[in-house]
Each structure stands twice: as C-alpha cells, then as structure tokens.
Amino acid sequence: MSARLIAVAVAAICLFTAEANAQVTASSYSNGGTAISTASGRGNTRLNARSYATNGGFARADMRGSGRNGGFASGNSSAFANGGVAISNGRSIANGYGARSHANSTARTFGGYSNSSSTAKALGNWANARSDSTANSWFGQSSHSHAKAVDRRWVPQPQPYCPPTQNPIVPW
C-alpha cells in the first residue's frame, strides 16, 4: 500500500514540476492614459508583456508563446505611449527537440501612432529562431514595424544516385 502511495506522490510531483516551467508576466501602468498588457504561454516559456501610458495615451502589449515537445519559447512585448497610440504584439513558438524561439517587440510613441509586431518560430531538431521589431514615432507621425523569423533545421536526406536507364539497341 505504501509503495503505491509513494508512486502516486512521485507522479504528482513530476506533473507539477513539468508545468512549473511556464513563466509569464504582464504589467501595465497608467498615468492619465490607458495601458493594457496580456501574456499567455504553454509549456516551457518565459514571456513578458508590459505597457505604460501617460498624457492621454493608449498602450497595449500582447505576448503569446508555446514551448512544447522539448522546445523553449521566450519573448518580450513592450508598449509605451505618451499622448499617442502604441500597440505591440509578440509571438514565440518552439516545437521539437531542442528548438528555441525568441521574439522581442517594442512600440514607442510621443503623440503619434506606433505598431510593432514580432513572430519567431523554431520547428525541428536543434532549431533556433530570433525576431526583433521596434517601432518609434513622434508627434503626428505613424510608424509600423514587423519582423518574422522561421527556422526549420530539417535537412533532407540525400537521395541515392540512380544512373539513367538505357534501352538496348537491337539491330533487327
């Protein structure tokens, strides 16, 4: 009876430990504006989203990621608005043995409009993808930035060499 109880306890500890790898934080601060931050992750992740708005500005930072099947997904999304609109979106996906993905997205504005988007995917064995995007704008200006990195470290297997077949020439 005690051996079964120990086995169940060890299985429960392993389950809790496996899910403890997801580190996700979201923070927002507003001083006379609107600041929204969202972050979500599954599996082995380290994701951060932060936004800051002041002087009637609007800042939104969103960071999403998935690090499953041995992969590790990390990233940061930041939006800073001082009297304007700043939107930052980040997405990091790592799948497969040893795959790593990192995405950074930053949008800053001082009375203008900034939109930044960053996506990094790493699919396959020993893959590594990194993507960085930054958008800055000043009064009355607009700025857009988009970055995408996909790294599929899959190497096709060489095909065997087959010489061309020739039909025999028959004299009759």
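The following paragraphs lead through the structure, from its overall make-up to single residues.

The model is a predicted one. The protein has 172 residues, and its secondary structure comes to one helix and ten strands. Reading from the N terminus, the helix comes before the strands, in the order α-β-β-β-β-β-β-β-β-β-β. Of the residues, 35% count as buried. The protein exposes about 10800 Å², and carbon and sulfur atoms supply 55% of that area. The chain also brings distant parts of its sequence together: among contacts between residues at least 6 apart in sequence, 58% join residues at least 24 apart.

Strand β7, which covers residues 100-109, is a useful place to begin a closer look. Eight of its ten residues are buried, so this strand is largely enclosed by the rest of the structure. Two of its pairings can be followed residue by residue. Strand β5 (residues 72-82) runs parallel to β7, and ten bridges join the two. In this pairing, Ser77 stands opposite Ser105 of β7. Strand β9 (residues 128-137) also pairs with β7 in the parallel sense, again over ten bridges. Here Thr106 stands opposite Thr134 of β9. As a general rule, the side chains of a regular strand alternate between the two faces of the sheet.

The interior may be considered next. In soluble globular proteins, nonpolar side chains tend to be buried together. In this model, the largest nonpolar core holds 20 residues. Those that touch the most other members are Ala59, Met63, Ala79, Ala86, Ala99, Ala122 and Ala129. Strands β3 (45-54), β4 (58-68), β5, β6 (85-95), β7 and β8 each supply at least two residues of this core. Ala99 illustrates how parts of the chain meet. When its neighbours within four places in sequence are left aside, Ala99 is in contact with Gly70, Gly71, Phe72, Ala94, Ala122, Gly124 and Ala127.

Nonpolar side chains also occur at the surface. Phe110, Trp138 and Phe139 form a nonpolar patch there, with about 370 Å² of accessible area together. Phe110 lies in the loop between β7 and β8 (113-123). Its relative accessibility is 32%, and it therefore counts as partly exposed.

Charged residues offer another point of interest. A search of the whole structure finds two salt bridges. One joins Asp62 to Arg64, where the closest N and O atoms are 3.4 Å apart. Asp62 has a relative accessible area of 15%, which makes it buried, because the term applies under 20%. Arg64, at 38% relative accessibility, counts as partly exposed. The other salt bridge links Arg130 with Asp132, and its closest N and O atoms are 3.7 Å apart. Arg130 has 52% relative accessibility and so counts as exposed, since that term applies over 50%. Asp132, at 45%, counts as partly exposed.

Finally, two asparagines deserve attention for their backbone angles. Asn55 lies in the loop between β3 and β4, and its phi is near 55°, a positive value in a residue other than glycine. With a relative accessibility of 57%, Asn55 counts as exposed. Asn69 is found in the loop between β4 and β5. The phi of Asn69 is near 55°, which is again positive in a residue other than glycine. Asn69 is exposed, with a relative accessible area of 57%.

Terms used: Residues numbered from 1 in each chain as written. Predicted model: local features only at pLDDT ≥ 70, side-chain atom pairs only at ≥ 80, totals over all residues. Heavy atoms only, no water. Buried < 20%, exposed > 50% of the residue type's maximum accessible area, 1.4 Å probe, protein only. Helix = DSSP H or I, 4+ residues; strand = E, 2+ residues; numbered from the N terminus. Pairing = 2+ DSSP bridges. Patch = residues over 30% accessible without salt bridge, like charges linked within 9 Å, V, L, I, M, F, W, Y side chains within 5 Å. Areas by Shrake-Rupley, 256 points an atom, 1.4 Å probe, with all protein chains shown as cover. Salt bridge = Lys/Arg side-chain N within 4 Å of Asp/Glu carboxyl O. Core = buried A, V, L, I, M, F, W, Y, C linked by side-chain atoms within 4.5 Å. Contact = heavy atoms within 4.5 Å.
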